Amino acid sequence: MSSYEEHSLRKNLFSIGKLGYAKGDRPNVDCILCGVRDKNEIVPNLTIAETELSIVSVNLFPYNPGHIIIFPKRHIIHYLELTEAEALDIHRLTQKTMRILEKQWKVQGFNIGYNLGKNSGGSIPHIHEHIVPRFPNEAGFLDVLSNTRIVIYEPYQMWEDLKKIWTNEPEIV
Ligand SMILES: [Zn+2]
């Protein structure tokens, strides 16, 4: 595939042209997620919701449409540093996120987890949970999504829609 074809494909999938950050312009900050928390204007901010302890955000580099991350506001690196209150908060936000994705985009499968420490594949030390929706035939996920009410595969569009849906969705107690 030529680089032009590759560029076109990626543009179709994610409107990559909008994402300066995705092209390698990493913001010059100590921690991207602390930058999101502090609303640092040089850090792309796709925050869907926040509580006193945690933040829910669309992943700027989605593995799949609807890829969400949830992280504690405190800059912690090790899972063992999570307090019970933070873990419970992240758990509740995870359930709400799953419920919304199941309801809105008919998601039937998820991978949920953390990449922690060296050799884990993690790229940002600030601990964050990934929620990755899985689709029946991912090579054809555009077809899958086009059968649903809304077609979403661009992070900023996903962010706009999820912010609205989140506000209207009741809290899990
Ligand atoms: Zn941080």
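The following paragraphs go through a predicted model, from its overall make-up to its sheet, its helices and its annotated residues.

The protein has 173 residues, of which 23% count as buried. Its secondary structure amounts to five helices and five strands. Read from the N terminus, the elements follow the order α-α-β-β-β-α-β-β-α-α. Of the contacts between residues at least 6 apart in sequence, 56% join residues at least 24 apart.

Confidence varies along the chain. The average pLDDT of the protein is 79, and 75% of the residues score at least 70. In residues 1-23 the pLDDT stays under 50, and the model has 19 contacts beyond four places in sequence for this stretch. Residues 139-152 also have a pLDDT below 50, with 20 contacts in the model beyond near neighbours in sequence. Where pLDDT is low, the predicted coordinates should not be read in detail.

The sheet comes next. Its five strands form an open sheet in the order β1-β2-β3-β5-β4, with antiparallel pairing. At the edges stand β1 (47-50) and β4, and each has a single partner strand, so one side of each is left without a neighbour in the sheet. From one strand to the next, the twist averages 20°.

At one edge, β1 and β2 form a hairpin, with three residues between them. These two strands run antiparallel and are joined by three bridges. Across this pair, E50 stands opposite I55 in β2. On to β3, the count of bridges from β2 is five, and this pair also runs antiparallel. I55 has a bridge partner in β3 as well, namely F71. I55 of β2 is thus set opposite E50 and bridged to F71.

How much of β2 is buried? Five of its five residues are, and the strand is mostly covered. S54, V56 and V58 point one way from the strand, while I55 and S57 point the other way, and all are buried.

Two helices can be placed against the sheet. Helix α3 lies across β2, β3, β4 and β5, and runs at about 20° to β5. Helix α5 lies across β1 and β2, running at about 30° to β1. Helix α5 covers residues 155-168, which is 14 residues, and reaches 20 Å from its first C-alpha to its last, close to the 20 Å expected at 1.5 Å a residue. Its buried residues are P155, M158 and L162. An α-helix has 3.6 residues a turn, so residues three or four places apart point the same way.

Between α3 (84-105) and β4 there is a loop that holds Q108. Q108 is exposed, because its count of other C-beta atoms within 10 Å is 11, and 12 or fewer is the cut-off for that class. Q108 and P133 are 25 residues apart in sequence, yet their C-alpha atoms are 7.7 Å apart in space.

The remaining residues carry annotations from a record. The unreviewed UniProt entry lists N59 and H130 under "binding site". These two are spread over 72 residues of sequence but cluster in space, with a largest C-alpha distance of 8.5 Å. N59 sits in the loop between β2 (54-58) and β3 (68-72), whereas H130 is part of strand β5, residues 129-134.

Are these two residues buried, exposed or partly exposed? N59 has 18 C-beta neighbours inside 10 Å and so counts as partly exposed. H130 is partly exposed too, with 17 other C-beta atoms within 10 Å. Apart from neighbours within four places in sequence, N59 is in contact with H67, I68 and I69. On the same basis, H130 is in contact with H67, I69, I112 and G113. H67 and I69 therefore appear among the contacts of both N59 and H130.

The unreviewed UniProt entry also gives the feature "active site" at H128. Which loop holds H128? The residue lies in the one between β4 (109-114) and β5. H128 is buried, because 22 other C-beta atoms lie within 10 Å and the class begins at 20. Its contacts beyond four places in sequence are L33, I69, I70 and F71. Among these, F71 is the residue already met as the bridge partner of I55.

Definitions and conventions. Residues are numbered from 1 along each chain as its sequence is written. This is a predicted model: local features need pLDDT of at least 70, side-chain atom pairs count only at pLDDT 80 or more; totals for chains, interfaces and linings use all residues. UniProt positions are given in the numbering used here, feature names are shortened, and annotations may be inferred rather than shown by experiment. Helices (H or I, at least four residues) and strands (E, at least two) are DSSP runs, numbered from the N terminus. Two residues are in contact if their C-beta atoms, placed from the backbone, lie within 7 Å. pLDDT is the predictor's confidence in each residue, from 0 to 100. The expected span of a helix is 1.5 Å times one less than its number of residues. Two strands pair if DSSP finds at least two bridges between them. Axes are lines fitted to C-alpha atoms, for helices over the stretch in contact, and angles run from 0 to 180 degrees between N-to-C directions.
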